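Hi everyone, thanks for making time this morning. I'd like to walk you through a protein that is new to most of you, so please have the picture open as we go.

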Amino acid sequence: MAERQLTQILTQLQTSASSLSYTDSSALLSKAKLLLLQLNALTPTAPGSASNPSLFSLARQVYEQGALASIRAKNPDAFLRYVSQLQGFYELESTVGTGAAGGRIAGADANREEKNKVTGLYLLLLLTQGQYAEFHSELEALSTRLGGATRELEADRYLGYPIKLERWLMEGSYDRVWKAMKKGEVPCEEYGVFSEILTFQIRSEIASSSERAYPSLPISSTKSLLFLESEGEVVEFARSRGWLLKDGHIYFPSAEPTTEQAGAEQEKPFSRLIIENTLGYARELETIV
């Protein structure tokens with residue numbers, strides 16, 4: 001009876017994900033976890049999960065739906081809690097692929113897409129939070145579980161997306177990141193939640209590079225460079241950065257004196273290249289639009 005109720009709740013969560021409010025999703029998830037508790041299957045090593053591959057699969061799906069609902073609600077703390085709970089399920093699946101009683105875990109292969117979706121979202125969260133060491137540690141662990149098959153990670157639509165974004169961000173290829181977001185290449189709805197965060201990060205990075213590369217820029221060029229909709233938005237952004245506005249130009253703060261000047265000068269050619277590439281893409285995009 002309890003297992004059937006659990007299946008019904010999961011079906012509702014999966015089929016109505018985009019229309020359910022976070023309050024409704026949370027209520028359903030709470031009921032699901034209470035049922036798992038009754039079935040003694042709340043964790044991957046609990047007697048119910050370990051002896052019943054079907055329950056193991058249902059419990060894993062409950063936590064996956066909780067993770068996805070948390071991202072849609074822009075609740076990273078709740079998402080991380082669900083990811084932490086899922087680690088045990090994923091590790092057990094990847095290590096043995098069976099329950100403690102020796103039965104094959106139901107849906108282990110079929111669930112790979114949802115597993116990769118949640119894992120990719122976790123990588124994307126680490127990326128947007130600037131936790132690059134943790135990002136690469138997670139990638140290394142994933143690669144190890146696949147026997148070092150890094151190409152397989154990049155080929156996956158969910159895992160490959162944050163991997164490519166991280167590489168482009170490190171290269172300063174912001175135009176590629178913009179293109180990935182602008183052309184609707186986000187793998188699914190949940191990944192789109194991070195677009196706003198990434199947009200802010202990229203603008204901040206481009207702004208910092210501009211300050212190092214140029215003494216000033218026309219407001220019109222800065223609008224294209226930062227992918228802002230109007231010159232009014234440029235003015236607002238400039239004031240938030242402490243830039244000086246005069247005669248249709250933005251003047252960046254003076255270079256830091258003495259010891260930091262040499263380092264700034266060394267960075268200038270690379271910063272200028274980044275800006276020129278980004279400006280070129282921005283102008284091309286405006287022409288297309």
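Let me begin with a little puzzle: is Asp247 buried or exposed? Have a look for a moment. Asp247 is exposed, because its relative accessible area is 68%, and the cut-off for that label is over 50%. You will find Asp247 in the loop between strand 2 (244–246) and strand 3 (249–251). The backbone is worth a glance there too: Asp247 is not a glycine, yet its phi is positive, at about 55 degrees.

Before we go further, please keep in mind that this is a predicted model.

Now, Asp247 has a companion in this story. Phe227 is not a glycine either, and its phi is also positive, at about 55 degrees. Phe227 sits in the loop between helix 13 (219–225) and helix 14. Its surroundings are another matter: with a relative accessible area of 9%, Phe227 is buried, since anything under 20% gets that label.

Let's step back and take in the whole protein. What is it built from? The protein has 15 helices and 3 strands. It is 289 residues in length, and 45% of those count as buried. The area it exposes is about 14800 Å², with carbon and sulfur atoms supplying 51% of that. As for how the chain meets itself, take the contacts between residues at least 6 apart in sequence: 66% of them join residues at least 24 apart.

With that picture in mind, let's visit one helix in detail. Helix 7 covers residues 132–145. Its 14 residues, at 1.5 Å a residue, should span 20 Å, and the end C-alpha atoms are indeed 20 Å apart, so the two values agree. Which residues of helix 7 are buried? They are Phe135, Glu138, Leu139, Leu142 and Ser143. If you look down the axis of helix 7, these buried residues fall within an arc of 135 degrees, so they line one face of the helix. And what do they pack against? Their partners are helix 6 (112–128), helix 8 and helix 9. Turn to the face pointing away from that buried side, and you meet the exposed residues Ala133, Glu140 and Thr144.

Next, the charged pairs. As a quick reminder, side chains of opposite charge can pair when their charged atoms come close. How many salt bridges does a search of the whole structure find? It finds 5, and I'll show you three of them.

Let me start with Glu190 and Arg72, whose side chains meet in a salt bridge at 2.5 Å, N to O. This pair links distant parts of the chain: Glu190 is in helix 11 (residues 189–192) and Arg72 is in helix 4 (residues 53–72), which puts them 118 residues apart. Glu190 is buried, at a relative accessible area of 6%.

While we are in helix 11, let me point out Gly192, which lies there as well. Gly192 is partly exposed, with a relative accessible area of 30%. Its C-alpha atom is separated by 8.1 Å from that of Met181, and the two residues are 11 apart along the chain.

On to another pair: Arg167 and Glu154, whose side chains form a salt bridge at 2.8 Å, N to O. Arg167 belongs to helix 9 (residues 157–171) and Glu154 to helix 8 (residues 150–155), so this salt bridge ties together parts 13 residues apart in sequence. You may recall helix 8 and helix 9 from a minute ago, as the buried residues of helix 7 pack against them. Arg167 is partly exposed at 32% relative accessibility, and Glu154 is partly exposed at 27%.

The last pair I'll show is Arg241 with Glu211, where the closest N and O atoms are 3.3 Å apart. Here, too, distant parts of the chain are linked, with Arg241 in helix 14 (residues 231–241) and Glu211 in helix 12 (residues 195–213), 30 residues apart. Both count as partly exposed: Arg241 has 26% relative accessibility, and Glu211 has 27%.

I'll finish at a quiet spot in helix 2 (residues 22–38), where Ser25 lies. Ser25 counts as buried, at 3% relative accessibility. What does it touch? Leaving aside neighbours within four places in sequence, Ser25 is in contact with Leu13, Leu20 and Ala69.

That's my tour, everyone. Thanks for listening!

Definitions and conventions. Residues numbered from 1 in each chain as written. Predicted model: local features only at pLDDT ≥ 70, side-chain atom pairs only at ≥ 80, totals over all residues. Heavy atoms only, no water. Helix = DSSP H or I, 4+ residues; strand = E, 2+ residues; numbered from the N terminus. Buried < 20%, exposed > 50% of the residue type's maximum accessible area, 1.4 Å probe, protein only. Contact = heavy atoms within 4.5 Å. Salt bridge = Lys/Arg side-chain N within 4 Å of Asp/Glu carboxyl O. Areas by Shrake-Rupley, 256 points an atom, 1.4 Å probe, with all protein chains shown as cover. Expected span 1.5 Å × (residues − 1). Arc of directions from axis to C-beta.
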